[in-house]
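The following paragraphs go through one protein model, from its core to its strands and then to a few individual residues. Please keep the sequence and the 3D view at hand while reading.

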Amino acid sequence: MDEKLLTPVLDRALRAVQEAVKDGPARPRLEEAGWIVSVQEGIIRLRGLPSARSEELLLFKGGALGMALNLDEDGVGVIMLDESSGLSAGGRVRPTGRVLDVPVGEELLGRVIDPMGRPRDGKGAILAARRMQVERDAPPIMDRA
């Protein structure tokens, strides 16, 4: 093979190797996951996810979201917040580390939203400045207006 043709290819390969070495060695990343045991009318039973928290959002195949509701020794009960028709036993589930929250404020007046706070009325995005957890303690009586 002609050296003139091979030199640019080798130079690019050497630069790529030098960039990879500069970033340091690759480190494995542990990721917790669970799997679906059963699906029944928007309620899903899982195994795994030992670190799941109550009301934590869980991510399913295709980006569907569910909320951890029952945390038992032998699994997790999930209520689906998105369509569950494409899910079946054996499917993988990942925790998100977030609890269910929705946008709050005057920007929601007259709007129609889904359980995740996403607009369903065709009027565009909701530009709320704040989000609050759905399940939270009520303010003390003295602090209420």
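A nonpolar core is taken here as a set of buried Ala, Val, Leu, Ile, Met, Phe, Trp, Tyr and Cys residues joined through side-chain atoms within 4.5 Å. In this structure, which is a predicted model, the largest such core comprises 14 residues, and those with the most contacts inside it are Ile-44, Leu-46, Leu-58, Phe-60 and Val-78. At least two residues of this core are supplied by each of β2 (43-48) and β5 (75-80), and β5 provides the largest share, three residues. A second core, separate from this one, has six residues, including Leu-57, Leu-65, Leu-81 and Met-116. In soluble globular proteins, nonpolar side chains tend to be buried together.

Leu-58 is a useful residue from which to look around the largest core. Once its neighbours within four places in sequence are left aside, Leu-58 is in contact with Leu-46, Leu-49, Ala-64, Leu-65, Gly-66, Ala-68, Val-78, Val-93, Arg-94, Pro-95 and Thr-96. Two of these partners, Leu-46 and Val-78, are also named among the residues with the most contacts inside the largest core.

How are the strands arranged around one another? Six strands make a closed barrel in the order β1-β2-β5-β4-β3-β6, and their pairing is antiparallel; the twist from one strand to the next averages 45°. Strands of a sheet pair through backbone hydrogen bonds, either parallel or antiparallel.

Within this barrel, β2 and β5 run antiparallel and are joined by four bridges, and Ile-43 stands opposite Ile-79 in β5. On another part of the barrel, β3 pairs with two strands. Three bridges join β3 to strand β6 (residues 92-99) in the antiparallel sense, with Arg-94 in β6 as the bridge partner of Leu-59. Three bridges also join β3 to strand β4 (residues 65-72), again antiparallel, and here Leu-58 stands opposite Gly-66 in β4. Both Gly-66 and Arg-94 appear in the list of residues that Leu-58 contacts. The link from β3 to β4 is a hairpin with five residues between the strands, and in its turn Gly-62 has a positive phi of about 80°.

Positive phi values also occur in two residues other than glycine. The first to consider is Glu-41, whose phi is near 45° and whose place is in the loop between β1 (34-40) and β2; because its relative accessibility is 84%, above the 50% cut-off, Glu-41 counts as exposed. The other is Glu-55, with a phi near 70°, which lies in the loop between β2 and β3 (56-59). Glu-55 has a relative accessible area of 23%, which falls between the cut-offs of 20% and 50%, so this residue is partly exposed.

Is the acidic residue Asp-82, in the loop between β5 and β6, buried or exposed? Its relative accessible area is 19%, and because the limit for burial is under 20%, Asp-82 counts as buried. A polar atom of the Asp-82 side chain lies 2.9 Å from the backbone nitrogen of Leu-65. Not counting residues up to four places away in sequence, Asp-82 touches Gly-63, Ala-64, Leu-65 and Arg-118. Leu-65 therefore links several parts of this account, since this residue belongs to the second core, contacts Leu-58 and has its backbone nitrogen beside the side chain of Asp-82, at 2.9 Å from a polar atom.

Notes:
Residues numbered from 1 in each chain as written. Heavy atoms only, no water. Buried < 20%, exposed > 50% of the residue type's maximum accessible area, 1.4 Å probe, protein only. Contact = heavy atoms within 4.5 Å. Pairing = 2+ DSSP bridges. Axes fitted to C-alpha atoms, helices over the stretch in contact; angles between N-to-C directions. Polar contact = N/O pair within 3.5 Å; in protein donor to acceptor, adjacent residues only side chain to side chain.
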